[in-house]
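Reader: I am new to this structure and should like to see how its descriptions are justified. Please set each value against the definition behind it.

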Amino acid sequence: YAWDANEEYLFKAMVAFAMRRYSSKSTTQISNVLLCNVTDRVSFWFVVTDSSKNVTTVPGSEVEAAIRMNRNRINSAFLLSDKTLQFLKITSTLSPPVEPSTPVWLIVFGVVLCLVVAGIIFLVVSGIQKHKKKNKDSTERENLEEKVEVTLENGIPCEALDLKAGHINGVFAADDERFTSL
Amino acid sequence: LSATPAIPKEDGRPQWDNKFQYILSCIGFAVGLGNVWRFPYLCQIHGGGAFLIPYFIALLFEGIPLLHLELALGQCLRKGSLGAWNTISPYLGGVGIGSWIVSVLVSLYYNTVLTWVMWYFINSFQEPLPWSVCPLNENRTGFNEECYESTAVNYFWYRKTLNITPDIAESGTLQWWLILCLATCWAIVYLCTIRGIETTGKAIYVTAIFPYLVLTIFLIQGLTLPGATDGLIYLFTPNLNTLKNPRVWLDAATQVFFSLSLAFGGLIAFASYNPTKNDCEKDAVTVAIVNSLTSLYASIPVFSVLGFKATTAYWDCLDRNIINIINEFDLPEESIMRQNYTSWISYLNSSYPEKIAGLKLKSCDLQEFLDQSVSGTGLAFIVFTQAIILMPGSQAWAILFFIMLFSLGLSSMFGNIEGVFTPLLELRIIPKSAPKELLSGIICLISFLIALCFTLDSGSYWIDIFDRYAGSVPLLVIAFFEVTGVVYIYKIKRFSKDVEKMTGRKLNLYWQITWRFISPLLLLIVFMAFVTLQLQKPPSYTAWNPKYEGFPMKEEKVYPPWVQAICVLLAAFPCICVPLVALFHLVKQKCRSKDPSSVPPQVFSCQGANS
């Protein structure tokens with residue numbers, strides 16, 4: 001927006017409002033605020049006079065304090081901020097950044113840690129289970145192999161056979177006379 | 001009843017699920033944080049594109065041959081570094097011990113760097129980002145003084161994260177937030193390495209591939225930022241005059257060497273899980289080339305972002321000067337813009353020189369901002385974080401960036417831990433019936449407890465020491481003994497036959513020449529140049545001291561004598577193992593040769609035992 005006499009009027013009104021709020025005297029009028037040295041890039045000096053006393057200016061410290069108290073309202077009236085509407089020699093009170101009750105990073109950290117610990121527990125437990133299963137499997141296989149180790153000979157376990165000198169087959173051995181003697 | 005039992009693996013040794021896992025693990029080990037924050041810096045200070053010439057020469061004559069040697073060794077002997085070097089020759093056992101010690105030392109401090117990355121990561125979920133605003137001072141009239149004099153990013157790094165002391169001798173206290181993050185990092189490492197390559201092989205799919213995705217995203221985003229092209233032109237403009245400086249060649253050689261993670265024993269461990277009939281020659285060339293290409297690929301987004309940051313700083317500087325001038329001369333708004341700033345300044349200087357001098361304007365020069373080169377943690381935690389604040393959607397970029405750094409570091413940690421884990425597993429420190437999970441748990445727990453020292457206030461100074469002394473000189477020494485040991489003690493003819501059996505082709509002339517002469521010679525030269533450079537001036541460090549007159553510049557200090565002794569110990573301890581073990585075996589041999597019933601040492605070759 002362009003800076004013209006209406007904006008100047010608004011500015012005077014805001015300063016008067018600030019003075020009224022600060023000193024709670026409702027005697028400050030718009031006519032008490034005087035602007036001078038207005039330049040094109042919109043910078044000027046201003047003083048506040050006190051009409052109750054004999055046309056003296058209100059001390060600068062009072063004006064500074066009043067403006068500091070109502071800085072927010074003055075900024076909003078002009079849709080500006082502390083950076084774009086500068087009062088030289090009045091430092092603004094800065095608001096601290098909003099901090100939640102638990103720092104955000106603790107929450108994220110908690111999430112990450114829980115995930116990692118869950119993963120570790122899962123892997124360790126699955127490792128133990130696999131170990132147990134392998135042990136069970138290997139004992140089963142051992143039992144199986146024991147049975148297989150018993151070697152078989154025509155379906156009869158070898159231990160049962162008497163393998164000392166062979167067997168005499170009674171069918172053939174009985175007929176000694178049939179053989180011709182030499 | 002045909003109970004055919006399942007055919008066991010020939011020697012019970014775990015194996016990679018597939019070849020891709022193995023290659024990815026080697027690449028992940030080689031590609032680490034240095035590819036992102038060391039290589040672009042070296043490119044920048046050593047004449048841009050011209051640096052690539054010494055880099056590729058070093059890669060050809062030093063990097064690839066040594067990489068091939070380690071992979072072939074591990075694959076042939078099928079043992080970790082301790083067992084492998086003991087098998088090659090008992091006199092070379094010290095090489096295995098040395099590389100094991102270096103792996104331990106590097107794992108300790110490397111994971112602390114990841115702790116910082118994790119801390120920044122979990123802080124990236126806030127709006128606004130905590131490193132973008134300064135906290136207020138007590139009476140809320142202004143900002144915290146330390147923060148105001150330096151920048152909010154510096155303050156968050158040095159004060160909120162490290163809580164750094166002005167001197168290395170002042171240890172300060174343990175930082176509880178860093179301890180929490182350190183515990184998490186070691187828990188993550190344990191989770192991924194819990195069963196050795198069975199679990200890292202799965203994790204590597206994510207940690208090795210994810211950084212490339214993020215780099216691509218940053219590449220696209222970075223190229224759209226204003227000022228990105230300035231940064232890229234500045235990076236890649238070749239300045240061939242720098243090649244006359246021997247320092248450039250030394251930096252190229254050391255960068256190739258350290259970037260490929262040679263002499264840690266991790267590569268030998270990875271290769272030992274391979275089947276014997278595997279083409280290690282092609283693997284070595286592949287890993288080396290991918291590593292170098294990744295470095296180049298990472299430089300592009302890094303320098304786009306740095307160019308963007310320099311441009312923004314330049315514009316801020318101009319804007320501040322413009323406001324001052326407009327205030328002083330009561331000129332209307334927007335009469336001076338960035339484009340006509342120089343013409344206005346010259347006009348005003350000629351007409352009102354005293355007024356201009358009284359304003360004390362800072363001279364704004366884009367080149368000066370581009371020249372502010374940083375490497376290492378400064379790049380990631382100060383420069384890059386500052387650039388991220390300026391981008392729209394900063395939280396997302398910050399989260400992406402720090403996850404990428406974490407993955408890069410984690411995949412390198414896998415290799416380091418494997419270099420520690422595999423030899424211990426073979427030494428049978430724990431009984432065979434105890435699960436592997438126990439050993440990896442013990443390693444991670446002990447490392448966590450020792451690494452707590454790095455969470456002290458002076459921790460980052462100690463990490464610098466470890467990085468400069470434990471992770472540099474010993475590796476060069478060990479690599480030199482590796483090459484000469486294999487070539488001259490094991491005899492290269494035997495090794496050639498072994499490699500031929502594995503790859504199916506004869507070793508060509510390139511490998512013969514580099515292994516026999518060029519690589520050992522190059523390593524010797526690099527080692528001597530490196531040590532000479534270190535010894536030229538007393539070892540010093542830069543400290544962050546808010547009470548220093550030149551603050552926010554860092555204060556240059558010299559290490560106290562006891563710290564210097566520790567530096568020498570860190571560098572010498574792994575190297576000393578090599579001659580000590582050789583001496584020990586020599587003495588044993590002398591004693592044994594007097595004994596008539598002595599058995600001559602067994603001649604070993606790859607084709608034989610796989611025990």
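Reader: How many salt bridges does the rule find across the interface of chain A and chain B?

Author: The rule finds zero salt bridges across that interface. A salt bridge is a side-chain nitrogen of Lys or Arg within 4 Å of a carboxyl oxygen of Asp or Glu. This is a predicted model, in which local features need pLDDT of at least 70 and side-chain atom pairs count only at pLDDT 80 or more, while totals for chains, interfaces and linings use all residues. Residues are numbered from 1 along each chain as its sequence is written, chains are lettered from A and ligands numbered from 1 in the order in which they are written, and side-chain values use heavy atoms, with hydrogens and water left out.

Reader: How many residue pairs are in polar contact across the interface of chain A and chain B?

Author: Two residue pairs are found there, both at pLDDT 80 or more. A polar contact is a pair of N or O atoms within 3.5 Å; within protein, one must be able to donate a hydrogen and the other to accept it, and residues adjacent in sequence count only if both atoms are side-chain atoms.

Reader: What area do chain A and chain B bury between them?

Author: The two chains bury about 2700 Å², with 73% of it on carbon and sulfur atoms. Buried area is the accessible area (1.4 Å probe) that two parts lose on being put together, summed over both. In contact terms (heavy atoms within 4.5 Å), 27 residues of chain A meet 35 residues of chain B.

Reader: Why is Tyr488(B) called partly exposed?

Author: Buried means under 20% relative accessible area, exposed over 50%, and partly exposed in between (1.4 Å probe, protein chains only). Tyr488(B) has 42% relative accessibility, so the residue counts as partly exposed. Tyr488(B) belongs to helix H22 of chain B, and helices (H or I, at least four residues) are DSSP runs numbered from the N terminus.

Reader: Which residues make the nonpolar surface patch?

Author: Tyr488(B), Ile489(B), Leu509(B), Ile513(B) and Phe517(B) make this patch of about 520 Å². Patches are made of residues with over 30% relative accessible area and no salt bridge: like charges are joined within 9 Å, nonpolar side chains (Val, Leu, Ile, Met, Phe, Trp, Tyr) within 5 Å. The largest share, three residues, comes from H24(B).

Reader: Why does Glu500(B) count as partly exposed?

Author: Its relative accessibility is 33%, and therefore Glu500(B) counts as partly exposed. Glu500(B) lies in helix H23 of chain B, residues 492–503.

Methods:
Accessible areas come from the Shrake-Rupley method with a 1.4 Å probe; for residues, only the protein chains shown count as cover. Helices (H or I, at least four residues) and strands (E, at least two) are DSSP runs, numbered from the N terminus.
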